[in-house]
Amino acid sequence: MHQFWTIPEVASTTYLQLSRRDCARLARVHSAIWPSVVHLVWAKVPQISCLSNLLPDVDFRDYNALSTQIPLTERQWTRFDIHAKFIKDLKVGVRGHDELVLMLLQKLWAQRPSGSPRSFIHAIKNLTVVLPNTSSTLSSTSEWSLLFSETLLSFNLTFRAVAMECFPEENLVSCLEALPTCSPNLQSMTLQVGRSYYLFKRSTQLVVETIRALDKLTSVGLDFTPFLPQRLVDEVLSTHRLSYMYLSDVSGEEHEEEAPTARPTPQTLTAVGLSGGPRTMARLLKSIDPSAVRKLVVKDSGLEMGRPFETSGEMLDALGRFSELEKLDLDLIIESFSTLLSLRDPLQRLVRLSIGPSSLATGWISQQTLPQFAALLPRIEDLRILDEGLDSELTTVSLQALQCLAVSCPHLRKLRIPILAESVTGTTNIQPHPSVREVDFRHSTVDEHSDTEAVARTIAAMFPSLVSFGYLSEDDIGIESDDSNAEPWEDVVGALVQILPGLTISVLDDDEWTVGSFGDFFSDVLKMA
């Protein structure tokens, strides 16, 4: 073996370029390489069932085998600890194999010699737990203690609704009772609770006490269906150490008219996310000091329930106060392009803007309005206009119309927008946009009269520095095509990779990214952790 691989400071740059699977293979090549690579393999565990590889051979289909499992030997515990200490990021989805592995770990840990650590994951930083409403696992503080440790910085708990069942409240209660004691250094916490109609009294009090007890907590996300209790809203808004806050749903349908005005918030908030009724959100936004806020998410929850609200003047006034924004995600009805003109000042400072699919219901984006819209975004680097399905009568932006972005948005690097892709005769008159690196034409279509190779040449001339191209095939969104144009995007992509060697192509998932999601909002927090 070449000595290059035995020098960690030199070889580490190579290891970081490898996939998790390749790192695992490399760790088995030589004992000198193993210490430098194994931590990369075990740093992120996508599901707790992966830990079954560190346990004795057990038939997980035999429940009796699990219930009679004998204690591990000292050598087996040592092997488990050597790998577990590298785990920094763990996801626990308690169902199927995951649930059985967790049950086995709980039984084995109860039999471990005295003096052992409270948690079997000694150095974990990010923990995600997803429980179905009907789960009986993780219903005691001792069970939760196995997952929590003093090193934990970020915790995400989601209860998935199953049918019309309400989840057992003891799951949430035992979690909140164990969290401050076991993980006092926690910095970020998100709770997503479905179907919580009868759980507010006890669980609301515990959430309040947990937020107060975790004195290093700077990021909180709360999503209680069908609506978030006002007491929790007030508690979060009065917590002076928070920098990230996401509250959903801040009002139920029956509370929209009488939502109280929130108390003033401190100047520490740098990122705010709200989902709920527009009147309540407008009042909350007006109570927040906008001077430090750089990231804002506003999502009208009435749209998800088929009750779109008009974007009121009160909401526009509230949004207009945030003149220092850098990132803005909106999922509201935009009645016309003139609606956005009232937000001229905030828009001109943005480096990222995402507008949800509900906005396109009014057809505000068009050949005529796109140049005016681009002129409002001189600093934009990431622009996403989402659409759940192309409607040619409303969304009429052509590929050629995107040239206005080269003039008005010189810093643009990522672009997602639904278009009608057509070929342009000759490419000498096309205005190139060399800063664009990633393009997502999901929910776009190719003009049936266009030559697909000419469309590819147009895209390549317009975005000469393109390194990533994404699309959702027309078959996936239910658009019928004749035999001569059955797979137009596949033909365009085939020609495009010939013109731009090294281009990465992605056939994208329709649900891959949504405006106002918890995961996207707290991604910066996870990176810092």
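# A tour of strands, salt bridges and a charged patch

Begin by selecting strand β11, residues 352–355. Both of its faces are covered: Arg352 and Ser354 on one side are buried, and so are Leu353 and Ile355 on the other. The grouping of these residues follows from a common rule: in a regular strand the side chains alternate between the two faces of the sheet. Keep in mind throughout that this is a predicted model.

**Neighbours of β11**

Add strand β10, residues 327–331, to the selection. Strands β10 and β11 run parallel and are joined by 4 bridges. To find the register, pick Leu328, whose bridge partner in β11 is Leu353. Leu353 is one of the buried residues named above.

Now add strand β12, residues 382–385. The pairing of β11 with β12 is also in the parallel sense, over 4 bridges. Here the residue to pick is Ile355, which has Ile385 of β12 as its bridge partner.

**Strand β6**

Move to strand β6, residues 219–224. Is this strand enclosed or open to the outside? Of its 6 residues, 6 are buried, so β6 is largely enclosed by the rest of the structure. Colour the strand by face: Ser219, Gly221 and Asp223 lie on one side, and Val220, Leu222 and Phe224 on the other. Both faces are covered.

Show strand β5, residues 188–193, next. It runs parallel to β6, and 6 bridges join the two. Met189 has Val220 of β6 as its bridge partner.

Then show strand β7, residues 244–248. Between β6 and β7 there are 5 bridges, and these two strands again run parallel. Select Leu222 to locate its bridge partner in β7, Leu247.

**Salt bridges**

How many salt bridges does a search of the whole structure find? The count is 7. The next stops visit some of them.

Turn on the side chains of Arg212 and Glu235, which meet in a salt bridge at 3.0 Å, N to O. Arg212 belongs to helix α9 (residues 200–213) and Glu235 to helix α10 (residues 230–237), so the pair ties together parts that are 23 residues apart in sequence. With a surface display on, check each partner: Arg212 counts as exposed, at 52% relative accessibility, whereas Glu235 counts as buried, at 10%.

Next, select Asp440 and Arg416, whose side chains form a salt bridge at 3.8 Å, N to O. Asp440 is in strand β15 (residues 438–440) and Arg416 in strand β13 (residues 414–416), so this pair ties together parts that are 24 residues apart in sequence. Both Asp440 and Arg416 are buried. Add Arg442 to the selection: salt bridges with shared partners join Arg416, Asp440 and Arg442 into one network.

Go now to helix α2, residues 20–27. The side chains of Asp22 and Arg25 meet here in a salt bridge at 3.6 Å, N to O. Why are these two residues about one helical turn apart? Asp22 and Arg25 are 3 residues apart in the helix, which accounts for that separation. Asp22 is partly exposed, with a relative accessible area of 32%, and Arg25 is partly exposed at 48%.

While Asp22 is selected, draw a distance to Val37. The two are 15 residues apart in sequence, and their C-alpha atoms are 9.9 Å apart in space.

**Helices α17 and α18, and a charged patch**

Select helix α17, residues 452–462, and find Ala454 within it. Is Ala454 buried or exposed? Its relative accessible area is 10%, so Ala454 is buried. Draw a C-alpha to C-alpha distance from Ala454 to Ala495, and the viewer should give 8.8 Å for this pair, which is 41 residues apart in sequence.

Add helix α18, residues 488–499, which contains Glu490. Glu490 is partly exposed, with a relative accessible area of 30%.

For the last stop, show the side chains of Asp451, Glu453, Glu487, Glu490 and Asp491. These residues gather on the surface in a patch of negative charge.

Key. Residues numbered from 1 in each chain as written. Predicted model: local features only at pLDDT ≥ 70, side-chain atom pairs only at ≥ 80, totals over all residues. Heavy atoms only, no water. Patch = residues over 30% accessible without salt bridge, like charges linked within 9 Å, V, L, I, M, F, W, Y side chains within 5 Å. Areas by Shrake-Rupley, 256 points an atom, 1.4 Å probe, with all protein chains shown as cover. Salt bridge = Lys/Arg side-chain N within 4 Å of Asp/Glu carboxyl O. Lys, Arg positive; Asp, Glu negative; His and termini not counted. Charge placed at Lys NZ, Arg CZ, Asp CG, Glu CD. Buried < 20%, exposed > 50% of the residue type's maximum accessible area, 1.4 Å probe, protein only. Pairing = 2+ DSSP bridges.
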